[in-house]
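Colleague: I am new to this model and would like to look closely at one part of it. Please take me through it slowly.

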Amino acid sequence: MRAVDSAELIARCDRLAGVAERRLALASASPAAEGRARQLRDHLEGFVRPRVADIDAPLLVVLLGPTGAGKSSLLNTIARAEVSKAGVIRPTTKDVVLYASEGDAHRILSGGRLFAIAKDRLKLAGASPSTDGVAVVDAPDIDSVERDNRELADVLVEAGDLCVFVTTATRYADLVPWEVLKRVRERGLPLVVVLNRVPADEEDREAVVADTERLFRGTGAKNLEEPIALIVIAEGDVDPSVSGLAREKALPLLERIARLAAEADERRAVATLALAGALKGLVPLAHAIADDLEHEAIDADALQRIAASTYGEELAALTREVQGGLVLRAEVLRRWNDFVGADQVARFISSGIGRLRAILLTAFRGTPVAPVTAVEAEMTTTLEALALRHASEAARRTAVAWSDRSDAIALVARHPDLWTASDGFGPAVRGGLDVWMRAIVDDVRSHAGRKRAVAQVAALGVNAVAVAVMLGVFAYTAGLTGAEVGIAAGTALLNQKLLEAIFGERAMGELIANARERLAALLTSLFDQDRARFDALVAAPKDLREVAAELRAVVDGMAR
Amino acid sequence: MSVDRCLDNLDEAIEVAKVVGLDVRTAIATRETARARIGFPSSAYVLALAGGTGVGKSTLLNAIAGEKVSPASARRPTTSNAIAWVPSSRGRELAGLLQWLGISELREHTGGALADVAVLDLPDFDSIAREHRERVDALLPRVDAVAWIVDPEKYKDHIIHAGYLSEYAPRIRRQIVVLNRSDLLSSADASRVAEDMRDQLRRDGVGDIEVVTTRARQGVAGIGELSEWLESAVEAKRVVAARIVAEAREAVRELAAAGGVVGDSPVPLIERAHRERALVAVAQGALAMIDVAGLERQAVAATRFAARRRGAGPLRHLTSAIYRLIGRDRAAADPVGFLTRWHLRGSLAPAVEPMRGLMTSRLPEVPAPLRGALARLSAPASLERRLAETIDKTVAAEADRVRVPTSALWSVFGAAQYAVTALLIFLALWFASLFGIRDVPVGTIPLPYLGPVPTPVVLLAATLLAGYVLAKLLQMHAGWLGRRWAKQIGEHVTRDVRRRIDGDLLLPLEQFDASRVALNRAVRMADDCSNLSD
């Protein structure tokens, strides 16, 4: 590793770690994908970055393996003392034991190598200063009932310079350790395998050793030719004085560690090898994460599309209903009909004798009071109920469709409110309609520019005229198919005549068109808000694709 | 037989689980497996040796058999296909069962103490040969008894506890945990490890399983405790039955757990008081659609129309014809038509809103698998459909009953109107004769203020007045009669709508609640059933 590009490499690592962090912040439905992202971050922060920053920092040797394989015993042998508890009760180790000289322990901890391990799970075992330069970590097992042990082991795999994988003749073909080992090979970590508890029988022993070599060479397809450093320890080869393994059997490993401690060049060679492997391993990992992201983006797109299309369909159905004129109940319409049909109001419409009669009647009785509040209340209740009906149906249909998908079923289960329109939807409709109605009143005021209109609007009351406009929204061009002829049609006709008499045909059309557009905009935004609850549950596809692209960009630069 | 009863109970649980929208596929698979197992002879039971690779399953079978029936090796994993060790006396009758289990490798033995058990040496479930695990997972649901084999290295592996013991053990009655290879430990350590295993079994929720230690490598001598268990007097038939019953019970329990109804009988989703209040609101909305006030107007108009026909004298032909011509009789005086056209008078959405709100507010309280079904029940469209059906039924029943009231008085009015008309004709003739024949003497009647007025004029005025008064009286009487009738109709419709809504609208919800209760009851039934069969 040339020193010149280390600054640039650090910058890249930081960028990559930043992207990994951003990826972790995005919701993911797949634990495997999330695991890969965490792996990348842990690997960068626990190994690559500190190692690039200081190639001569102490070597971290990680003892990994299944429960009961003898990791702790091996550490005791290395330390020549019982620093880690070994025993027959599984799992024996729940803590991470760091065996290092005081100076090394300090350098390792301050360098951030073990940043992801909680302080209370890290036990320090002091080594003599003669071991300076090499620290050994005993990881908890990876396959016992203690599941958080597995997480710790995963973190340590990402942080080490040299992996000592301890397994047994019973265990060597187990699936869980095998998968951990696969990751060790993928990240290019130098590896020593200790095969413990090998049967004493010569034939069995040979069969097991050969089989283990064959199997282990198969992990991480790229390293097929590379021989595996395999240390074989037989059943019963123990050193009871330190509850460890027999020294003479573990000698090749002990010697290697001793040599590393003694020679800085050797250490540097191992560290450089580990770093080179790590950098090589970063590229496929980053691409795998980018692939995850792109797949997730496709899934997120699909999920959001489901929500968008159901909400769209229901909004269209609502719009049809609203324009179909079937909105207001005849009971209330009749009261409005009685008002606009009254002779006193008819004076604006009729002419000749009828008009004279109407004027006379008005002089005697005054203009009747329009049932403004009743009609407005009816309009609000009905529109709210109709909007709720369709929004609930949209939510329900989306929830059903999402529940059919493995990537969203958990999201729906976590959020029971997704099965229906949100609690705030009804009040939002009411609030929105209130604003809508006030806007129509303002419209009526500003349109009453002509002198005659001013007088007529004043005579009827601006609110009453506004209600006439609102009714026009529902029944103006509706054709009134299906509605009970009589009240609805009669009301619509009278309404239209009244508005035409006051404003003229063009202005009336404008008023109603404005009101209708605003109502459509209101409903659209309310539906969008309700749908946003679904959209917010999945990461935005745009963000996912962005992070994927950035990941690829950073590692592509690295590969060169 | 109690096994049949248990399976019937499972069937019932599956049916009610479907009503509340639970996924019943697993339960159905369990039932099919159980029914299939019953179809095979149960004079011998099938015991599987299950465990991770290298714990000594094959060695153990060899020790049980006292000869080499399954190849054991140091190479991992060894056994890749299950091997059956079957008493030769049962070979023929078990052939079908073994075929159903998918086992082709058979070793026969002469029997002796183990004449009614077929022992299966299963492949491992934890090695890199994933197909081994698949085979085990396919076989375990079909075997009658299991010996879970562990060793000092693997006894606390995540996979055996989380993947197998806590999953399968509650569904199996005859089972044992065997700590094999205990010769690797001192006897004190072996019993400590066995105790640690028992602790872990308790944490798994299956603390009642016996744990024995064996040293299979030493042959028959090393498996004393296990042999004892194997040879302990059990009737094969009972082992098979107990297994099926336990499976059925767990299947029912799982359904109930998914439906959140394990334990106390579930209370109705919606409290009585809330429900009553919402129903009253819905009925009000429905009545607003029916428009009772409008209906009453129609009823009054219809009564008047009927009265005019009989009580308006000869002139009514003229007015009726005019009304018929312009359609006013149908538009304004047709209570039946008005009723049946209720759905044209607005939208039902506001009417069902209170019920929708109430039902959806319970969604967070039911477990996730039930929410789809509850959301469907509370969907406004389905509530509206149901309410519309209810109103239609009310309207149809009401329409049959509508009979416009009538009164004998109207005929009297009619006769009087005929008299009035006759008098008018007579007066017309009189006036005509006055103009036609000159100098006919005419009497006068002295009236106050007016002085003497000619008799025909007085008579004409009096007749016209009488006609008018008669018409008014008829109208008043018909109006009074009509209003009284209209009120009756109105009250009737109101009562009927309320009654029907109370009875009908929430039927699906009641079914939903009833199914939850039934599912809960099925758990107790399943428990009783499995206790009985013990």
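What percentage of the 560 residues in chain A do buried residues make up? After that, please describe the open sheet of chain B, strand by strand where you can.

Modeller: This is a predicted model, in which local features need pLDDT of at least 70 and side-chain atom pairs count only at pLDDT 80 or more, while totals for chains, interfaces and linings use all residues. Residues are numbered from 1 along each chain as its sequence is written, and chains are lettered from A and ligands numbered from 1 in the order in which they are written.

To your question: buried residues make up 49% of the 560 residues in chain A, where buried means that 20 or more other C-beta atoms, placed from the backbone, lie within 10 Å of a residue's own, exposed means 12 or fewer, and partly exposed is in between. In chain B, 45% of the 534 residues count as buried. The secondary structure of chain B comes to 20 helices and 9 strands, counted as DSSP runs (H or I, at least four residues, for helices; E, at least two, for strands) and numbered from the N terminus. The C-alpha trace of chain B spans about 155 × 45 × 40 Å along its principal axes. The radius of gyration of chain B is 45 Å, whereas a compact globule of 534 residues would have one near 24 Å; the radius is taken over C-alpha atoms, and the globule rule is 2.2 Å times the number of residues to the power 0.38.

Now to the sheet. Seen in order, the 7 strands of this open sheet in chain B are E3-E2-E4-E1-E5-E6-E7, with mixed pairing, two strands being paired if DSSP finds at least two bridges between them. The edges are strand E3 (105-109) and strand E7 (210-213) of chain B, each of which pairs on one side only. From one strand to the next, the twist averages 25°, with axes being lines fitted to C-alpha atoms, for helices over the stretch in contact, and angles running from 0 to 180 degrees between N-to-C directions.

Strand E4 of chain B deserves a longer look. E1(B) and E4(B) run parallel and are joined by 5 bridges, and B:Leu49 stands opposite B:Asp121 in E4(B). E2(B), by contrast, pairs with E4(B) in the antiparallel sense over 3 bridges, with B:Trp85 having B:Val119 as its bridge partner in E4(B). In a regular strand the side chains alternate between the two faces of the sheet. In E4(B), B:Val117, B:Val119 and B:Asp121 point one way and B:Ala118 and B:Leu120 the other way, and all are buried; E4(B) is thus mostly covered, with 5 of its 5 residues buried.

Further along the order, strand E5 (residues 145-150) and strand E6 (residues 174-179) of chain B run parallel and are joined by 6 bridges, and B:Ala147 stands opposite B:Ile176 in E6(B). Helix H3 (residues 57-65) of chain B packs on the sheet, touching E1, E2, E3, E4, E5 and E6 of chain B, and its direction makes about 150° with that of E4(B); residues are in contact if their C-beta atoms, placed from the backbone, lie within 7 Å. Helix H8 (residues 224-231) of chain B lies across E4, E6 and E7 of chain B, running at about 135° to E7(B).

Definitions and conventions. Two residues are in contact if their C-beta atoms, placed from the backbone, lie within 7 Å.
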